[in-house]
Amino acid sequence: MRRTLSALCIILSIFTVLAAFGAPVGTAFTYQGQLRRSGAAYNGTCNFEFSLWDAASAGTQQGRTQSINSVTVVNGLFTVEIDFPHPLFNEARISGQARWLGTSVQCSGDDGFTPLDPRQPLTAVPYALSLYPGAFIRANFPQEFSSNLFPSILTLVNDSSTGTALRAFGGFAGVYGLATSGSGSGVYGQAESGNSAGVFGLNRDSAAIWGRSTGAGSAIYGQNTGSGLAGRFTGPVLVEGNLTVQGALFKNGGSFRIDHPLDPANKFLSHSFIESPDMMNIYNGNITTDASGSATVTLPDYFAALNGDYRYQLTVLGQFAQAIVSREIAGNSFEIRTDKPGVKVSWQVTGIRQDAYARANPIVVEQFKPAEEQGLYLFPAGFGAGEEKQIGYPSRPATAPGAQEPPATGPGDHPRSN
């Protein structure tokens with residue numbers, strides 16, 4: 001007599017497969033159920049077919065049917081491992097759609113497969129397969145997000161003052177972001193409080209935050225539209241390459257430092273910059289007057305366009321003689337005359353910048369500090385004040401290790417790599 005499964009019912013539970021830390025996680029998930037016939041637990045061997053659907057009944061099947069044969073059922077209990085391709089869950093997550101699992105069973109002696117009713121709704125666990133290692137997360141944003149400055153397919157919010165919203169560990173990159181549009185951001189971080197950081201990096205022996213540009217862009221770009229700073233560095237800063245400042249440069253002091261010419265392996269040689277209340281350029285050289293005691297000094301062809309308000313100095317070398325500027329600068333040259341022929345003269349000319357930028361941004365030699373900086377100092381220690389009196393001190397981020405630095409170990413108590 002043919003067995004019938006019309007009275008067969010199934011009680012389902014879905015479990016994730018937990019792998020040991022460090023082992024790769026696949027896309028399969030464990031499916032466990034209880035099979036009964038006429039109210040009694042079934043014992044025997046059965047074949048199963050599993051399918052994924054977009055509705056609890058009718059609807060459209062998603063992907064292919066998976067067949068798992070010769071499953072042993074003991075006291076009604078069976079366990080199988082189902083592995084639907086991860087895009088089926090990824091697309092469902094992107095579109096916000098639920099998925100149902102359809103099951104058909106054929107046990108020993110049955111002529112064919114019998115579908116079980118109802119289909120089982122899948123919980124969020126299989127949906128997490130869209131985050132399996134190597135998966136891509138992408139989204140088509142609904143209309144309500146079109147005006148959002150920074151739309152996101154994955155948003156992590158941390159309301160704790162000491163924790164982190166996301167911690168990731170990886171050999172190449174703990175977190176990897178890719179933006180394919182001209183105005184996108186691979187990784188975007190936002191902080192709402194004065195002592196927090198939108199993005200925080202920590203490394204003991206190398207770069208905490210590292211950027212690389214392979215084209216004409218900027219490896220790191222900072223912008224401030226308020227009264228703060230677009231970037232701040234506390235400690236030494238090394239620039240390996242050219243430094244361009246489009247604007248004014250303010251400093252407490254400055255010098256060049258090179259390998260000492262007499263002991264380059266063991267010493268530095270430093271010289272201070274020349275300081276002036278004017279935006280001054282300096283030109284100098286040596287020239288020898290001719291048989292009539294005359295010499296013409298030729299300056300760069302841009303001299304008159306760049307400079308104004310000239311100053312001269314002449315020094316006679318090697319003999320006693322008199323030297324004067326017989327003709328001042330005109331046509332990017334000036335003339336020297338000595339009271340003897342063949343006199344060597346060392347000359348120096350200074351000019352004050354008159355280019356477009358200098359005219360628009362003259363140096364204000366003396367000025368009052370703004371109200372919010374009065375009582376503060378660029379160098380508070382020189383006036384017997386503590387560092388809290390330094391200009392810009394309140395804008396420093398918090399330095400307490402517990403506030404921003406992640407612990408030294410990650411999940412599973414594995415040491416954090418550098």
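Trainee: How much area does the chain expose, and what share do carbon and sulfur atoms supply?

Mentor: The chain exposes about 29,200 Å², and carbon and sulfur atoms supply 53% of that. Accessible areas here come from the Shrake-Rupley method with a 1.4 Å probe, and for residues only the protein chains shown count as cover. Keep in mind that this is a predicted model, where local features need pLDDT of at least 70, side-chain atom pairs count only at pLDDT 80 or more, and totals for chains, interfaces and linings use all residues. Residues are numbered from 1 along each chain as its sequence is written, and side-chain values use heavy atoms, with hydrogens and water left out.

Trainee: Why is Thr 103 called buried?

Mentor: Buried means under 20% relative accessible area, exposed means over 50%, and partly exposed is in between (1.4 Å probe, protein chains only). Thr 103 comes in at 6%, so it counts as buried. Across the chain, 20% of the 418 residues count as buried.

Trainee: Where is Thr 103, and what does it touch?

Mentor: Thr 103 is in strand S7, residues 100-107. Strands are DSSP runs of E with at least two residues, helices are runs of H or I with at least four, and both are numbered from the N terminus. Leaving out residues up to four places away in sequence, Thr 103 touches several residues, including Phe 48, Phe 50 and Leu 116. A contact means heavy atoms within 4.5 Å.

Trainee: What makes Cys 46 and Cys 107 a disulfide?

Mentor: A disulfide is a pair of cysteine sulfur atoms within 2.5 Å. For Cys 46 and Cys 107 the S to S distance is 2.0 Å, so the pair fits that cut-off. Cys 46 lies in strand S4 (residues 44-53) and Cys 107 in strand S7, so the pair ties together parts that are 61 residues apart in sequence. The link is right-handed, with 95° about the S-S bond, and both Cys 46 and Cys 107 are buried.

Trainee: How do you know that Lys 251 and Glu 275 meet in a salt bridge?

Mentor: A salt bridge needs a side-chain nitrogen of Lys or Arg within 4 Å of a carboxyl oxygen of Asp or Glu. Lys 251 and Glu 275 are at 2.8 Å, N to O, so they qualify. Lys 251 lies in the loop between H2 and S10, and Glu 275 in the loop between strand S11 (268-272) and strand S12 (280-288), so the pair ties together parts that are 24 residues apart in sequence.

Trainee: Is Lys 251 buried or exposed, or partly exposed?

Mentor: Lys 251 has 38% relative accessibility, so it counts as partly exposed, whereas Glu 275 reaches 53% and counts as exposed.

Trainee: What about Glu 335 and Arg 327, and how far apart are the closest N and O atoms?

Mentor: The closest N and O atoms of Glu 335 and Arg 327 are 3.4 Å apart, and the two form a salt bridge. Glu 335 is partly exposed at 30%, and Arg 327 is partly exposed at 26%. The structure holds four salt bridges.

Trainee: Why is Phe 320 called exposed?

Mentor: Phe 320 has a relative accessible area of 78%, so it is exposed. Phe 320 sits in the loop between strand S14 (307-317) and strand S15 (323-330).
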